[in-house]
Each structure stands twice: as C-alpha cells, then as structure tokens.
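Trainee: I'd like to take a close look at one part of this model with you. Could you walk me through it?

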Protein chains: 2
Amino acid sequence: MSQAQKDSPDGRERLVRTAFVLFAEKGFDSVTVRDLASASNVSVGLINHHFGSKDGLREAVDEFFIAQFEDAITGAAPQQTPSTPEDYATVIDAWIARHEADWPTIVAYFRRALLEESDWGFSLFQRFYGFVQATVNRMDASGQLGPDVDRLWLPFLMMYLELGTMVFDPYIKRVLGRSGYDRELWQRRHRAYMALIRRGASPSREGL
Amino acid sequence: MSQAQKDSPDGRERLVRTAFVLFAEKGFDSVTVRDLASASNVSVGLINHHFGSKDGLREAVDEFFIAQFEDAITGAAPQQTPSTPEDYATVIDAWIARHEADWPTIVAYFRRALLEESDWGFSLFQRFYGFVQATVNRMDASGQLGPDVDRLWLPFLMMYLELGTMVFDPYIKRVLGRSGYDRELWQRRHRAYMALIRRGASPSREGL
DNA sequence: TGTTGGACTGAACAATAGTTCAGTGATGCG
DNA sequence: CGCATCACTGAACTATTGTTCAGTCCAACA
C-alpha cells in the first residue's frame, strides 16, 4: 500500500488517466491495449499486471470518473441545497466551471457511459435523477410549482434538457460551429433553459 | 437489376433486416459477420459478396433505417405542416404509433447512431433540427412565442425533450418499471411536455 | 551484503476478427 | 445442348486482439 505520490505519476496512474481520455474520445472497444500502453509510455503487460485485464482497467477508470461526479453532486454544494430552478442551475454551472479544464473529456465520457447502457451508466442516471427529484420536491414544497404540473415527469424532462445538452453536444458543434458549453452560448442556454422551466414559450396570457 | 419480390426475402434482404436488429441490440462492433450470417441463414461469404465488406452492410442498413425516418418526417405529414406545439407533438405521436411494432428496435438503432457520431447520424440530427426549427418559425409567425423567448435555443431544447425520451428510455424502464412509450405513461408525458412548452412549471402569476 | 517483493518489460501465444476465393447449383438465353 | 450469369457456400487465410509469463530492475530491509 504505497502512498499516493503526486510529483510524478507511476504507470498505474498514467494508465488510468490516459485511458480516461482515450475511452472518452474513441470508446472502449476502439482503443486497444497497445494504444493505451504506448500512450502511457508503459508496456502492454503492465495493464494486466495492475488491473488483471482490459476490463479491469475500465472499472478503474469508471471509479476515477465516478469520484469526480460524486464530488460534483454532493461535495459541490455541501450546505446549499437547491430549491429553485435558479439554484439548481447554479449548482450545475458551478460544477461545470470547476471542471472547466477537462470538461470536454468529462462530457464525452459521460456521454458514452449513458449511451452504452451499462449498469454503472444506469447508476449515474439514477444518482442524477435523485438529485433532480429532490430539487423538484423542494421547489414543490415552497410553492414554486403550478398545481397542474406533472410531478412524475417534470424531473425527467429537466434531466432530458440537461443530459441532452451533454449527449448532443457533438452535433451542436457541427450545427452551430462551436460547443454548447462555449461561454456565450452556454450563458444563453442557461437563460433559455431557465425561462422555459419558469414560464414556457408562450406569450404571457395577461389578457385572459 | 431484379425486381423486389416480397414473398420470400432473399439472402441480401434477410441480411439487412437481421443486421438492423442485431446492430440495434448489441452495437456494430459487437456483432460478428458469423453472427450475422447464421442469424440470416446464409454463409459468411455472402456478406462480402453483396456488400463488399461488413462496413458495406452497415451502410445498407443505415439506408434502410433512413428510409423509415424519412417517411416519418416527410411522408408522415404530407399536407399538415405543424404550427403549434400540439400539432408538432401530434405529428411525432403519429409517427411513433405507425411504427409501434418495431419501435424499440428503431429507438435502439437511433441511440447507437448518435453514440457512434457518424456522419449520417449527424444528418439525421440535422434533418430533425430542420423540422423542429421550421415548426418553431411558424409558431413565431403566428404569434405563439413570447417576445423574450430565445429563438436559437428553443428548437434545440425541444429536440432534447423529444430525443431524450428516446435515448434515455432504457433508464426510464429501469426507474419506473415500464417504458415511457407505454400508452398511459406516454399520454402523461405528452401532456407534461405540452404544458412545459406552453406555460412552464411555475404557478401562473395572476397576482402580478 | 543477500534477499525479498513489487513495478515493469516484451516476445510469444491463442483466440477471434474480417476477408478471400475456388467452387457449386440453379436459371435463362442462343 | 452449351454457355454465361448470378446468388451463394465455406474452408482457408491474414491481421489484430487481449493475455500470458519468464525474466529484468530496483528499492527496502535484515
């Protein structure tokens, strides 16, 4: 049990980090153990030495990723529990801002985790769902939800808006020429998202 | 150039159809040419004979899929161009209803197309975007959009709600125990979706 | 100093992948 | 009948994959 030394990462750590990037970019199956080894400057044998198999490495990378995600949902807002749409969006924005450097990689990895339909991808979804549901419940308790709003679907619809931004970002990039997470675009999305949740898209029916 | 005979599909057609199902279920890479051959009751060689390569078969399956999608967007509503959120949702509902039998396969294939980030997956996205955008423009022209609604993001957010329902349905199944496309659940989602687009989730601010 | 243990190597291995191609059988045409 | 064409076969081939393992190196410890 050697202590973690931060100065120069050993082969094991380099493997996890480069695998995280490569899996996110190209997908698990498309990355060979030789790709991983040469990108990490280690030999092929080291993967099986440390992780038993390529799948073992994947599990290690998943844990590495979950740690960041966990921190985002719990550690992110230890005291401030969001109870308005603005709070909720702010928490998520803060998380994104905190991970700005490797945000594209995180998004890409998240994408694949969700779309590959794995068990742990489901656990990610479930955890996120719990977070959104709790927020909606608090909004409800403080009278911020209309009486006819569907309490079952609203959390899912909110998740779709959030996760859709992540999952479809590659296509946004191709349609608009830049990522939906680019500063200006993201702020605009934030406002549009907020407005939709709050008031919908119809003109306010003052005349009724 | 033999005419298409409907009675008993030849090896080529059987290959495309079973490949469509298997690719949707397990993903392109996870399906071997031997799987495809035995599931279609043909020999391995036939794939390369007809399609040149496994990738050639994929292209044929993609075209097969696009044909259905195309029919959904254009053929679905030849005359009726949607210009209200209700119209829009109705067109999509009709499409889904029309493909009820193989809807799960279509959803699964769509998922994989998105995940793989292929050019044609992008063209699907783009085409759908064009459809939604046109609808939003018509809504705008007939005064159904609030003045402060973001015209750039609204179509994307609407797409996220629609596509999210498709892409995340496997998780809905695991959270709620049944598909979001089950009749009762779907109708409820339809209303919740409509309400969100129209009025948002906040209680109507009549007192203001 | 000798020895133990763990990180690390890389050639060799076995399994599996997609592809090739010589050959079969049925069909239609002259 | 002879010939050409076409869908189709399946054993053989080649490339690539993940895995194994005997062996190297080096730091820690007695």
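How many nonpolar, polar and charged residues does the surface near DNA strand D have?

Mentor: Happy to! Keep in mind that this is a predicted model. By class, the surface near DNA strand D has five nonpolar, eight polar and four charged residues. That makes up a set of 17 residues surrounding the strand, and the closest are A:Thr32, A:Ser53, B:Gly11, B:Val42 and B:Gly45. Both chains appear in that list, and the helices tell a similar story. From chain A, helix H2 (33–39) and helix H3 (45–51) each supply at least two residues of this surface, and from chain B, helix H1 (11–26) and helix H3 (45–51) each do so too. The most comes from H3(B), which gives three residues.

Now let's see how the two chains sit together. Chain A superposes on chain B (RMSD 0.4 Å) after a rotation of 180° with 0.1 Å of shift along its axis. That is the relation of a two-fold axis. In chain A, the C-alpha of A:Gly200 is the nearest to this axis, 1.9 Å from it. The same surface serves both copies, with 100% of the contact residues of chain A recurring in chain B.

As for the contact itself, 45 residues of chain A meet 47 residues of chain B. On the side of chain A that touches chain B, two or more residues come from each of helix H7 (119–141), helix H8 (153–167), helix H9 (169–176) and helix H10 (183–199) of chain A. By class, that side has 27 nonpolar, eight polar and ten charged residues.

Conventions: Residues numbered from 1 in each chain as written. Chains lettered and ligands numbered in written order. Predicted model: local features only at pLDDT ≥ 70, side-chain atom pairs only at ≥ 80, totals over all residues. Near = placed C-beta within 6 Å. Helix = DSSP H or I, 4+ residues; strand = E, 2+ residues; numbered from the N terminus. Nonpolar A, V, L, I, M, F, W, Y, C, P; charged D, E, K, R; others polar. Least-squares fit on C-alpha atoms with pLDDT ≥ 70 in both. Contact = placed C-beta atoms within 7 Å.
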